Amino acid sequence: MKKQAPRAMALVCAGLAVSSALTAAVIQAQRVSFEDAQSFEAGNYPSSVAVGDFNGDGALDLAVANTCFGCDFVSVFMGKGDGSFQAARIFGGGTGPLFVAVGDFNGDGVPDLATANLFSNNVSVLLGNGDGSFQPALNLVAGRAPFSVTVGDFNGDGVADLAVTNAGSDSVSVLLGNGDGSFQAARSFGVGNAPYFVAVGDFNGDGVPDLATANLNSNDVSVLLGSGGGSFQVARSFSVGGRPSSIAVGDFNGDGVPDLAVANRGLFPSYEDGHVSVLLGDGDGSFQPERSFAAGDSPWSVAVGDFNGDGMPDLAVVNGGSDNVSVLLGNGDGNFQAAQSFGVGHFPLSVVVGDFNADGQADLAIANSNSDTVSVLINNTPR
């Protein structure tokens, strides 16, 4: 019997090796595919795109922030339900809207818009009428050089609030909603240097929303744990790559704890070190050191979706320097496969996920700043 043990162990080890090899082969063989990008004319310098059903027809629509000197509007595209969109309708807001987000700010069940306006140091709220049109903008004071805005219920009253990154004052402004489309005066909380993007998640599992900001000039992420009542604890910093400009939240290793994916543009002048950082959450508001995954040239924005239908979150990254979007399929353990790239417009800055043709697969919409267009990529991955 003793002579058989090593042989049996060898067989077991061989079986494990074969199993691991087969698993690796299956993972390696996974692919995702998209139809060639459709292009839709937007306003000048589209810098951000968001998704919502603005006319209540069940088809997803798009809202695009157009950022340029003298621009003060948002472009809204009504979806036809087949992956195509009607011509853009224009609605006024603050000057130089750099980012747009969707939420229901007056509790009428109709999606509204909020924009962070770079050149007027404010946030515009545009209440939706339910037919795809919007009321005149309500402008709210934020910090200096607001770059992005997101929506969450930060004081637990069931009303949507706003969080805005202020790149010029190294802070996040939190504006608590009154429930009628108006907001209280901004409260500010310090973060890293030149916060570009803000995301919401419950990073310590206490049921209170927290914030994470990508700080462009300090090459880190600030995490602000919510204290309830709309206030936040002092920011904690976690290192990422050079010039981080976007954050997405997802559970990338299946442990039930939110993790972070960060798009890093890379450092001047070459930007060759641009990549995606993945920070796995520990569940107490802290994060493990970054895992680095290559994307294209100068990644600007990252979004999460399941693009191959395997139940594991994947990443989509737009690359401003290579005019494409990279899709990194997740392995479910916090690691991602090599990027697969798909062409879009010129100098893409923002990406969102939605099912634009109602076939149950995750599609992509991208704002292309230098071609004044929105690209829509319909997912046709075989299932």
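Strands here are DSSP runs of E with at least two residues, numbered from the N terminus. The model shown in these views is predicted.

**View 1. Asn121 in the loop between strands 7 and 8.** The loop that holds Asn121 follows strand 7 (112-117) and leads to strand 8 (122-126). Asn121 is not a glycine, yet its phi is positive, at about 55 degrees. The relative accessible area of Asn121 is 33%. Because buried means under 20% and exposed means over 50%, Asn121 counts as partly exposed.

**View 2. Asp170 in the loop between strands 11 and 12.** Strand 11 (161-166) and strand 12 (171-175) flank the loop in which Asp170 lies. Asp170, a residue other than glycine, has a positive phi near 50 degrees. With a relative accessible area of 28%, Asp170 is partly exposed.

**View 3. The open sheet of strands 20, 21, 22 and 23.** Four strands make up this open sheet, in the order 20-21-22-23, and their pairing is antiparallel. Strand 20 (244-250) and strand 23 (291-293) are the edge strands; each has a single partner strand, so one side of each has no neighbour in the sheet. On average, neighbouring strands of this sheet are turned by 25 degrees against each other, direction ignored.

**View 4. Pairing of strand 22 with strand 23.** Strand 22 covers residues 275-279 and pairs with strand 23 in the antiparallel sense. Three bridges connect the two strands. Val276 has its bridge partner in strand 23, namely Phe293. Strand 23 (291-293) stands at an edge of the sheet and has a single partner strand.

**View 5. The open sheet of strands 24, 25, 26 and 27.** The strand order in this open sheet of four strands is 24-25-26-27, with antiparallel pairing. The edges are formed by strand 24 (299-305) and strand 27 (340-343). Each of these edge strands has a single partner strand, and one side of each is therefore left without a neighbour in the sheet. From one strand to the next, the twist averages 25 degrees.

**View 6. Pairing of strand 24 with strand 25.** Strand 24 and strand 25 (residues 314-319) run antiparallel and are joined by six bridges. Ala303 has Ala316, in strand 25, as its bridge partner. Strand 24 (299-305) is one of the edge strands of the sheet.

Conventions:
Residues numbered from 1 in each chain as written. Predicted model: local features only at pLDDT ≥ 70, side-chain atom pairs only at ≥ 80, totals over all residues. Heavy atoms only, no water. Pairing = 2+ DSSP bridges. Axes fitted to C-alpha atoms, helices over the stretch in contact; angles between N-to-C directions. Buried < 20%, exposed > 50% of the residue type's maximum accessible area, 1.4 Å probe, protein only.
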